[in-house]
Amino acid sequence: MSKGSILFIFTSADKVLDGKETGWYLPEAAHPYYVLSKDFNIEAASTKGGAVPLDENSKKMFTDDESVKFLSDPKAQELVKNTKKVSDVKADDYLAIFVVGGHGPLIDLAPSKEFAKLVEDFYASKKVVSAVCHGPAALIGAKKPNSSESIFNGIEATVFTNSEEAQTPYNDFVNTLPFSPEDKLKELGAKFVRTEDWGVKVVYDGGVLTGQNPASAGALGEKLKEILLSA
């Protein structure tokens, strides 16, 4: 029996600033999905609603069992083909929010006032705000209740690092991506933490749960499950 619902957030953006293809990153949805869906109902939302664009490169790079299964699993595919609009969902209906990474969130979720407001509603209700890889960059507009302070201010947090981005074709924080996620979190007052490039790092502080990169997605799912089941 489901112990409640978790809201997965996907990007609707299929291109970065210079036209390179992007979207949501396969293992960052698949790994947490299979950890969490045994105990919780999973629902999904995106900026535009409807079908969300998969980063095709992630499909080529990740051929582990869960990633492959996610692509042919009818329930998982229903999730990514029929997302709700961010504007149509309410924090009251969920236990937690989780942002799936990929470069897309920097393009459509990070600047969205509507999405920032949704995140603030989860945060103010003491519900876990979670995100992995580039996903934490989607949370930069969210402020603490009755404050101009970012939800990142004063807490330990992680995100896809500059040194990892330097190994991708997207390593341009002007023409390709609108900003550096690592630099932005530091600018907002986060105590930035990380492990080696492509290693597993998950940190939970001040109600915000973040994971560094694709390898951290499964571990983030496990930590979110642990937090929710012990609540």
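Where is Lys 126 found? In this predicted model, look in the loop between helix 6 (113-124) and strand 5 (128-132).

**View 1. Lys 126, a loop residue with a positive phi.** Here's a backbone angle worth a look: most residues other than glycine have a negative phi. Lys 126 isn't a glycine, yet its phi is near 60 degrees. Its relative accessibility is 77%, so this lysine counts as exposed.

**View 2. Cys 133, a buried residue with a positive phi.** On to the loop between strand 5 and strand 6 (156-157), where Cys 133 lies. Cys 133 isn't a glycine either, and its phi is positive at about 60 degrees. Is Cys 133 buried or exposed? With a relative accessibility of 3%, Cys 133 counts as buried.

**View 3. Tyr 33 and Tyr 34, an edge-to-face pair.** Searching the whole structure turns up nine aromatic pairs. In the pair of Tyr 33 and Tyr 34, the ring centres are 4.9 Å apart and the planes meet at 85 degrees; that angle is over 60, so the pair is edge-to-face. Tyr 33 is buried, at 6% relative accessibility, and Tyr 34 is buried too, with a relative accessible area of 9%.

**View 4. One aromatic cluster.** Zoom out a little from the two tyrosines. Which residues join Tyr 33 and Tyr 34 in one aromatic cluster? They are Phe 10, Trp 24 and Phe 70.

**View 5. Lys 184 over a ring.** Last stop: a charge and a ring. The charged end of Lys 184 sits over the ring of Phe 179, and the distance to the ring centre is 5.5 Å.

Terms used:
Residues numbered from 1 in each chain as written. Predicted model: local features only at pLDDT ≥ 70, side-chain atom pairs only at ≥ 80, totals over all residues. Heavy atoms only, no water. Helix = DSSP H or I, 4+ residues; strand = E, 2+ residues; numbered from the N terminus. Buried < 20%, exposed > 50% of the residue type's maximum accessible area, 1.4 Å probe, protein only. Phe/Tyr/Trp six-rings, centres within 6.5 Å; stacked < 30°, edge-to-face > 60°. Lys NZ or Arg CZ within 6 Å of the ring centre and 35° of its normal.
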